[in-house]
Protein chains: 2
Amino acid sequence: MALIVQKYGGSSVADVEAMKRVAKRVVDTHNAGHQVVVVVSAMGDTTDELLDTAAELTANAPKREMDILLSAGERISMALLSMAVNELGVPATAYTGAQAGIHTDSHHGKAQIIGMVPERVARAIQGGEVAIVAGFQGASKDEDTTTLGRGGSDTTAVALAAALHADVCEIYTDVDGLFSADPRIVPKAHRLRTISQEETLELAAHGAKILHLRAVEFARRFNVPLHVRSSFSEKEGTWISNAPAHPDLAGLVPEAALATSKEETVEEPIISGIAHDRSQDKITVTNVPNTPGTAARVFEIAAEVGANVDMIVQNTPVDNPSLANISFTLPEADARRTLDALEARREELGFQELRYNPNIGKLSLVGAGMRTNPGVSAKLFGALSAAGINIDLISTSEIRISVVTDLEDLDRAVQAVHTAFGLDSTESEAVVYGGTGR
Amino acid sequence: MALIVQKYGGSSVADVEAMKRVAKRVVDTHNAGHQVVVVVSAMGDTTDELLDTAAELTANAPKREMDILLSAGERISMALLSMAVNELGVPATAYTGAQAGIHTDSHHGKAQIIGMVPERVARAIQGGEVAIVAGFQGASKDEDTTTLGRGGSDTTAVALAAALHADVCEIYTDVDGLFSADPRIVPKAHRLRTISQEETLELAAHGAKILHLRAVEFARRFNVPLHVRSSFSEKEGTWISNAPAHPDLAGLVPEAALATSKEETVEEPIISGIAHDRSQDKITVTNVPNTPGTAARVFEIAAEVGANVDMIVQNTPVDNPSLANISFTLPEADARRTLDALEARREELGFQELRYNPNIGKLSLVGAGMRTNPGVSAKLFGALSAAGINIDLISTSEIRISVVTDLEDLDRAVQAVHTAFGLDSTESEAVVYGGTGR
């Protein structure tokens with residue numbers, strides 16, 4: 001018997017038929033002798049519809065009220081799913097975030113989990129019931145409903161799995177797992193059987209939409225094995241774990257898959273996958289006086305308006321070492337107010353010009369293997385060069401290299417790099433690739 | 001400054017435009033210097049849609065889960081209304097039933113309020129905010145969401161008004177108040193300016209759908225003045241109070257209305273209104289042995305299956321005093337299982353036949369004036385007789401006479417009695433008459 005947390009996104013419970021399919025899967029898992037905790041998102045487009053209605057009433061909805069509104073979607077789906085599971089003869093009880101003991105701070109709209117006390121959930125599964133928990137929500141110390149922001153349901157699932165010491169947290173979505181690149185861009189992308197938490201974090205942080213960053217961080221911190229898979233098929237998905245052959249997983253992972261995983265791990269591919277991101281913009285501040293602290297001031301101002309600066313490059317014109325150009329990328333949603341804030345400090349900063357380029361794309365190559373393989377950068381730059389693609393900015397971590405290109409070159413860049421690193425599958429897998437909901 | 005509780009039913013917040021209209025009225029009341037607590041139902045058909053979805057999944061939804069599901073409708077509407085009020089510049093905060101301190105027992109689907117501790121609501125209005133409370137819901141001691149059953153939002157409003165010692169509880173609906181009869185049946189029905197709580201109770205208990213019985217009982221017990229009015233107009237509605245010139249209401253009731261009310265009270269009409277009810281069925285158990293306790297057994301069996309027996313008549317055939325026929329009415333929803341339960345005890349009860357008549361209608365004449373006016377029954381029977389309508393069963397209280405007729409005669413009966421008691425308005429008021437939602 002294992003303790004399994006299953007998370008179903010909005011597309012997996014989009015309508016009554018989908019809900020029944022999920023209930024069947026939950027019941028099958030229960031009847032196979034496992035303890036099952038289910039985390040469920042709002043049905044299909046519910047959240048967007050609620051947002052639209054709110055937008056018709058006000059452009060400045062109080063965040064506390066917005067959380068009450070949006071959390072209703074998960075309350076509906078958790079109640080319906082509980083009914084559907086009960087209908088199949090397995091006792092199930094639904095719990096709100098508050099009832100599942102998900103304590104958060106009071107930052108409505110993007111609350112952080114500050115404590116997990118899932119007593120009622122634990123009692124339910126010990127009593128042979130399936131526990132169904134509303135994703136995306138918790139409660140503050142004032143007993144107000146809070147929501148966890150984007151990817152909140154993934155975070156709920158992983159946090160519950162950690163608190164309950166679950167053997168695995170299954171993330172059900174509408175794709176078959178993690179791929180070596182977005183199959184919409186690279187039809188020969190292959191599904192990853194296993195990937196480490198660190199690599200997944202880098203992919204998620206740099207544009208891969210399969211799993212939310214925060215959930216992966218949680219999984220790494222509490223060492224929760226994740227299994228990302230499709231709710232529309234019985235296929236194995238992708239195992240995300242630093243210990244793919246974890247003894248607790250015996251019986252959950254088919255022997256064949258484990259064996260293959262181990263073999264693949266031995267082979268140690270240099271690169272696991274390629275993430276891409278179209279949602280970043282670039283700002284360049286030209287001819288800033290090249291004095292200590294000036295670059296720091298630019299990023300202080302960006303931080304004051306809450307801009308999430310990603311890559312930074314500072315260079316000095318050869319002909320005038322007393323000046324500097326500072327370029328950085330940031331989410332497009334942050335660009336306007338950052339430009340305004342910098343413009344308002346033009347005199348203080350003493351720059352000549354603010355340049356704004358919304359047409360950039362970022363490609364990130366991720367792989368634990370690059371730690372020990374010095375040729376990765378050269379191969380990457382060579383592949384891009386051969387495809388005639390200019391590189392603008394570059395940033396690296398221990399297991400990632402990211403480059404910024406023109407937006408219009410991004411797809412070709414991803415394809416060229418995928419091929420150059422030998423990631424192309426011999427047979428194209430027919431997949432649908434989409435977001436994970438929340 | 002008065003403390004006003006306003007309750008808006010589902011039809012008053014059916015869409016965004018209606019929601020804005022309600023917000024405007026709330027803000028106007030607040031800006032007139034009053035403290036305002038708003039109780040809101042789910043938008044339009046939300047509840048029915050949720051019920052339909054649940055029905056697609058199961059015919060046996062767990063009641064606890066059904067309460068979670070249905071209560072989501074009020075959470076959505078309270079959040080949206082709070083946004084709409086804030087948008088108009090008045091601070092408002094939304095509270096769930098649990099947050100408003102509405103403590104109930106654990107009878108999911110028809111929970112009883114066992115305690116009211118609306119601390120957060122009181123603090124909000126003392127701080128100059130509008131408090132918006134989800135109708136229809138509370139929380140059990142297990143912190144599970146409960147719903148209060150039919151008319152639950154009315155009950156929430158009256159209970160809050162009682163706990164907060166509100167000066168008035170305004171029940172907004174899609175009609176202009178209480179009428180002397182259903183205007184769809186009697187076009188000449190007139191709006192009542194004032195009516196006592198006892199009379200309202202009798203009308204509500206016997207088919208008038210304007211206000212829920214339980215809410216009126218609460219209002220009587222805690223002496224909460226009710227004002228039933230339309231959210232679609234500024235017109236005065238109907239005041240339900242045993243003390244229509246209550247000093248706390250100064251400024252809330254236009255002088256003219258108060259004066260008129262007093263005059264009308266002096267005039268003391270014998271009859272306030274006529275309720276009708278098509279939802280009852282009749283069961284007759286024939287030739288039961290006429291022994292002590294046999295009738296009691298029949299009603300014990302009905303009680304065991306939860307049937308809500310209303311009117312009862314027992315009579316003995318002239319030619320055989322050792323036998324009795326027992327007839328009773330009950331809600332049509334209770335009929336099938338009551339018939340089954342009686343049939344299963346046929347031998348024990350020793351009856352000859354079970355007769356079932358779903359085609360009956362009940363007319364109830366209500367008026368405090370009949371206490372002191374002995375001619376009411378005679379006038380009622382005379383009017384029905386003149387219209388050629390047979391009376392089947394009769395029951396009375398101190399301020400009510402009810403009669404059962406053939407269903408097909410009911411409308412004519414209501415019209416004839418309305419005219420006979422001089423209730424017809426000289427001018428027809430154009431009204432839409434509907435349910436109150438919940």
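## A buried threonine, a helix contact between chains, and annotated sites

At 0% relative accessibility, Thr338(B) counts as buried, because anything under 20% relative accessible area falls in that class. The structure described here is a predicted model. Thr338(B) belongs to helix H10 of chain B, which covers residues 332-344. When residues up to four places away in sequence are left out, Thr338(B) touches Ile283(B), Ala302(B), Val305(B), Ala307(B), Phe328(B) and Leu330(B).

A contact between the two chains involves helix H1 of chain A, made of residues 16-31, and helix H2 of chain B, made of residues 46-57, which pack at an angle of about 45° with their axes 10 Å apart. Since angles of 65 to 115 degrees would count as roughly perpendicular and angles under 35 degrees as roughly parallel, H1(A) and H2(B) are therefore oblique to each other. The crossing in which H1(A) passes H2(B) is right-handed. On the side of H1(A), the contact is made by Val16(A), Met19(A) and Lys20(A), while H2(B) contributes Thr53(B), Glu56(B) and Leu57(B). By character, the residues of this contact between H1(A) and H2(B) divide into three nonpolar, one polar and two charged.

Turning to the annotations, an unreviewed UniProt entry lists Thr47(A) and Glu74(A) under "binding site". Although these two positions are spread over 28 residues of sequence, they cluster in space, with a largest C-alpha distance of 9.0 Å. Their places in chain A are set out below.

| Residue | Helix of chain A | Relative accessible area | Class |
|---|---|---|---|
| Thr47(A) | H2 (residues 46-57) | 14% | buried |
| Glu74(A) | H3 (residues 63-87) | 0% | buried |

Thr47(A), with a relative accessible area of 14%, is buried because its value lies under the 20% cut-off. Glu74(A), at 0%, is likewise buried, and this residue is found in helix H3 of chain A.

UniProt, again in an unreviewed entry, also places the feature "domain: ACT" at residues 283-359 and at residues 365-438 of chain A. For the span of residues 283-359 of chain A, the end C-alpha atoms lie 11 Å apart, and the secondary structure of the span is 36% helix and 32% strand.

Conventions:
Residues are numbered from 1 along each chain as its sequence is written. Chains are lettered from A and ligands numbered from 1 in the order in which they are written. This is a predicted model: local features need pLDDT of at least 70, side-chain atom pairs count only at pLDDT 80 or more; totals for chains, interfaces and linings use all residues. Side-chain values use heavy atoms; hydrogens and water are left out. Axes are lines fitted to C-alpha atoms, for helices over the stretch in contact, and angles run from 0 to 180 degrees between N-to-C directions. Helices (H or I, at least four residues) and strands (E, at least two) are DSSP runs, numbered from the N terminus. Angles under 35 degrees count as roughly parallel, over 145 as roughly antiparallel, 65 to 115 as roughly perpendicular and the rest as oblique. A crossing is left-handed if the near helix is turned anticlockwise from the far one by less than a right angle, and right-handed if clockwise. Contact means heavy atoms within 4.5 Å. Ala, Val, Leu, Ile, Met, Phe, Trp, Tyr, Cys and Pro count as nonpolar, Asp, Glu, Lys and Arg as charged, and the others, Gly among them, as polar. Buried means under 20% relative accessible area, exposed over 50%, partly exposed in between (1.4 Å probe, protein chains only). UniProt positions are given in the numbering used here, feature names are shortened, and annotations may be inferred rather than shown by experiment.
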